[in-house]
Each structure stands twice: as structure tokens, then as C-alpha cells.
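Here is a friendly walk through one protein chain, written for someone who likes to check claims against atoms. Please keep the viewer open as you read.

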Amino acid sequence: MRHLALSTTALLAAALLAASLVACGDETASAPAPAADTPHRVPNYEDSKADNYVSTNAREFTLSGQAHADLPSDYAQRDVEAQASAVNAAVDRRLSTLTWALRRHVEGVVREATDLHGKDTWFSFFKRDPDEAEGAEVVEVDGALKARFTFKVELVGSYYLMSKLAPDTGAAQRTFQLTLAGEPTATTVAIEGSPSRDAFPKYDELFADGVYDIAVHFGGDYNEGRFDLETAKWLVSALLEGGWKNEAVTDFASLTVDSPAFTRALLIEGQTVEARVRIFHSDMVGGEGQPPQARLAEVMKASLASADVVIYSGHAGPGAGFVLDYQPRDELRASDFATLELASKYQIYVFDGCQTYRTYVDDLMKNPNKTFENVDIVTTVNTTPFSVGYQTLHQFVYWLTLTDAAGRHFPVSWGDLLRGLNTRDFKDVHYGVHGVDQDPQLNPHASDVACQACQSDADCGAGGNLCLGYGTGAGCGVACTTDTACPAGYRCARLYDDPDLFYIPKQCVRRDYACP
């Protein structure tokens, strides 16, 4: 389900977004210049932040510990195979009960924290099949045989949820106690946040073949307002008014399922890249003189098999697939994801519908052609209003190709991209990206210029590397997302707090503020 929340404020925001896209009508999507001239000032403070899975307002957590499962009274008399079966069955039952109890406990803590601090401040969300058990062994407890096992349960929640579930006691590991029926004592549950960090999309791979191919698929809408069509109309107008070319499409009415792509020439790191955008919606098919409805699934399969970026904007939910039409219903089912013909090249998938975090990634990663080496997947934890679709489309059409007048590409990190989605108006949607552990944390264009002498950013090679002013003279920085990615003796620092300069990446700077 998607909620209808297209307020006057949201429409105004959409208009502003359209205006900002229109303003980029030159041959390159050009970024405004930072306020400071180069060399850029190096701030004297530490700035590193560990995002998880990565989202700017959510984090993944693992709950783990040991528990016991009751074994049948005749366990000792059974043969080896029957004993193994009994252990597995007992552990499965106990794990289900344990996960339910953990969920109730976590949700109770969240509810109490929300009542104290206000609505939408805290949240938790458990994935489908979030639990696993391992290392089962038979032990005697109070004269009875039990299966002792280690459990792990995964969830996503508010970034600082750990501080509510297990306030810091100074121990090496944060834990809390959970009382479970059938356990001799309270169960100690450890909570850990996943260590994933912010990173860059693999821009070098996106642009390597000279084509940046974006496919936008709007899901069908059963609501009277047909917000799918309104958003598609806005995108067509924004592209045409923003300098994109399409000889066959002059307005929304002339767009068909077989229309060629909107195109635009970009100069990125000295290479001419043709950006292409194709748009699909449910009213393109099934009518008089139109292709059959089945064409929607055909073109989406083709996009998944070839496009650099695939955006699905429509109704979604746990266990659902891509709902391409409702009149009649036409869906690319989640059960089909594993057998789709998917590209082996690097791609970005954006699933902009309700709760796509819960099942879409797991279902898609069953496909043998996809690993996190060649895909990043953007999902939502919560329900999504249609109004956020304008912002999502704007960012993935424009921000990923942001360049200066000289064609130097600004590599915007996942964290900065997500910050533009997880705004105050849409903070409870919780956009995040899966796959960042395999993405670069240093400038994907070039990263071997740290402290190279410079007078301007142009002396530092690839876009995103800035000329920094040190006390001993100017030296090049390197675009980065984490301290650990920088060379020894450097840290990753943000230079500007101005939100309008979001695209200026953090830089590897000398810890002693002096280039050798």
C-alpha cells in the first residue's frame, strides 16, 4: 500500500524540485560553486559517522544470545537420525517463541520511548524470517535434557535504538535481560549495530561504457487521483524543460511504451556520456490501438536486464512484487525474481514503495546473476507517500550526474543522497541502501593525489578531490566517506556544513594539518 499524502506543501516542494531541474538546461548538470575559493579551508575537528546498511536515520541491529529448547522425554531412546530430527524441531519451535518474545520486548521499549519523546522519534521493524539458530548441543538442565543453541535475530530501527534497549553500562558489549518461560534464568541478549559505513556508488562502472541508462517504471494506481500519472507527467515535463532531447516525445500525451529514451550529453571526467531516461506507466497499454497489457512486464524485465539504474515507483508491500497495473492487475511477482534475466554488470535498483526493505532484497538476491558486488538496492522501511516520488526521481536523475562547468563529476556518497530523501517531511519512510560494503569509500574516479601540491581543485585530478589550504601550503585532498579508507596519517573530514553544498564530498586531510 502507498499512502496519499500529497499536500499543498508537497506540491510546492515538487514544483521547486522541477524548477531546480529546469535550471540545469546546459549540456552538463552543473553544480553551484562552494562559497569558499580554493584552496579550501581544512576544519580542525573530527568528523566520522558509522552508518548501517546504510541509512541516515535508521540502522540495522543483531540481537544474539543462548537459549534452551525442551527435548521429548524419550529422546535418549531414539536412534541418531530421530534424535537429530527432534533437536531441529525443538530448536525451530523455541526460536519462533523467542523471536516473538524479543519482538514484543523491543516494540514495548520503542512504544515507551515514543510516548516519552514524541511520535515517530523511535521505531523498529523486523524483516521476514529475521532469525536463525546455530550450534545446537544437547545438555542436561535441572535433570532434563535440552537443546542449547545460539540465536541471532535481525531488525532495523532508529539509529540510536541501542541506547534504549541496552543503555551503556561501560561493559565491552551492550546487553539486556529477557525473561522467557522454560529458561532456568533470565536470558542475556547482546545487541550490536552492523558495522557498514557510507560509501560511493560505483560511478566509474556506471559511466564506463559512455552511456548512463535510467529506466523509470511507475506502478499502477487504484486511487482516483492517479498519482502515478501525475508524477509521470511531472517527470516528462521536467526532462523536456530541462534540456533533455526526444524527437518523438513533445509532451506526456505523445509518450508511448515504445518511445525512444530522453537523452542528454554529459561531459564526465573528460568523457562524453549519453544519459538516457525511459519512462513507463500503466496507461500506455491495454487501450484501443495500444499494445497488450503484457508489454509492461516485458519492458520492465528488459530494464532489469540492461539499464544502469532501474526505478520502480508504485504500490508495494512485504511479499509483493512490482504492481504494474490494477485494471486488471498485472504484477511482476516476487516469486519470479530468482529466475529473471538480470545484468551481470553493476546496477542500482530503487524500489520506491511501501516497506520494500522487508522482502524485496532477499527475493532479488536469490537470482544467480546478482551479488552485492554488482548491485546496490535502495529500499524503504515504512509506508511511502506518493509525494516523495518527486524527490526520489529528481535525485537519481540529477544528483548522480552532478558536474561543474569543466565536466568534473562530483561523486555524491550514498549518505548524502539518502539525506536528501530522509528529510523532515519524509523522515518516517527511512530510505536506505543495501550493498555498500562492496562500494568504494575513496573517490571512485581517482584517489592517489593526497597532499599533491595544488593551487586549485583542477590540479587534483578527478572531480570531488579538492585543493586544501594547510599551514605549510596547499595540498590535494581525496574524496572519502570514512577515516579508515584514507591513507595513514589522514582522516576523513567534512569541509562545509551548508546543506546547499551537500555535493561537496568529505576529504582525506592530514591529521597534523601539514602536508609533508
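The report below covers confidence, a helix and its surroundings, strands, charged pairs and a few single residues.

**Confidence**

Please bear in mind that this is a predicted model. The mean pLDDT of the protein is 85, and 88% of its residues reach 70 or more. Two stretches call for care. Over residues 1-30 pLDDT stays under 50, and the model has 72 contacts beyond four places in sequence for them. Residues 44-52 also stay under 50, with 35 contacts beyond four places in sequence. Where pLDDT is low, the predicted coordinates should not be read in detail.

**Helix α6 and what it packs on**

A good place to start is helix α6, residues 295-306. At 1.5 Å a residue, its twelve residues should span 16 Å, and the end C-alpha atoms are 17 Å apart, which agrees. The buried residues of α6 are Leu 296, Ala 297, Val 299, Met 300, Ser 303 and Leu 304. These residues cover an arc of only 165° around the axis, so they lie on the same side of α6. What do the buried residues of α6 pack against? Their partners are the strands β7 (211-218), β9 (271-280), β10 (309-313), β11 (322-326), β12 (329-332) and β13 (347-352).

**Strand β13 and its neighbours**

One of those partners, β13, deserves a closer look. Six of the six residues of β13 are buried, so this strand is largely enclosed by the rest of the structure. Both of its faces are covered: Gln 347, Tyr 349 and Phe 351 are buried on one side, and Ile 348, Val 350 and Asp 352 on the other.

Strands of a sheet pair through backbone hydrogen bonds, either parallel or antiparallel. With β10, strand β13 pairs in the parallel sense over five bridges, and Tyr 312 has Phe 351 of β13 as its bridge partner. Strand β14 (residues 375-380) also runs parallel to β13, joined to it by four bridges; here Val 350 has Val 378 of β14 as its bridge partner.

**A three-stranded sheet**

Further along the chain, an open sheet of three strands follows the order β18-β20-β19, with antiparallel pairing. Its edge strands are β18 (479-480) and β19 (490-493), each of which pairs on one side only. Four bridges join β19 to the antiparallel strand β20 (residues 506-510). Among the residues facing each other there, Cys 492 has Cys 508 of β20 as its bridge partner.

**Charged pairs**

Side chains of opposite charge can pair when their charged atoms come close. The model has 16 salt bridges, counting a Lys or Arg side-chain nitrogen within 4 Å of an Asp or Glu carboxyl oxygen. Three of them are listed here.

| Salt bridge | N to O distance |
|---|---|
| Arg 295 and Asp 258 | 2.3 Å |
| Lys 366 and Asp 363 | 3.5 Å |
| Asp 512 and Arg 510 | 3.2 Å |

The pair of Arg 295 and Asp 258 links distant parts of the chain, 37 residues apart: Arg 295 is in α6, while Asp 258 is in the loop between α5 (227-241) and β8 (262-268).

Is Lys 366 buried or exposed? Lys 366 counts as exposed, because its relative accessibility is 54%, whereas its partner Asp 363 is buried at 6%. In the pair of Asp 512 and Arg 510, Asp 512 is partly exposed at 46% and Arg 510 is buried at 15%. Elsewhere, Arg 226, Asp 228 and Asp 283 are linked in a network of salt bridges.

**A few single residues**

Cys 454 lies in the loop between β15 (431-434) and β16 (467-470), and with 10% relative accessibility this cysteine counts as buried. Not counting residues up to four places away in sequence, Cys 454 touches Asp 459, Cys 460, Cys 467, Leu 468, Ala 474, Gly 475 and Cys 476. The C-alpha atoms of Cys 454 and Gly 469, which are 15 residues apart along the chain, are separated by 9.2 Å.

Most residues other than glycine have a negative phi, and most peptide bonds are trans. Asp 142 has a positive phi near 55°. It is found in the loop between β3 (124-141) and β4 (144-157) and is exposed, at 74% relative accessibility. Glu 269 also has a positive phi, of about 50°. This glutamate is found in the loop between β8 and β9 and is partly exposed, with a relative accessible area of 30%.

Key
Residues numbered from 1 in each chain as written. Predicted model: local features only at pLDDT ≥ 70, side-chain atom pairs only at ≥ 80, totals over all residues. Heavy atoms only, no water. Helix = DSSP H or I, 4+ residues; strand = E, 2+ residues; numbered from the N terminus. Buried < 20%, exposed > 50% of the residue type's maximum accessible area, 1.4 Å probe, protein only. pLDDT = per-residue confidence, 0-100. Contact = heavy atoms within 4.5 Å. Expected span 1.5 Å × (residues − 1). Arc of directions from axis to C-beta. Pairing = 2+ DSSP bridges.
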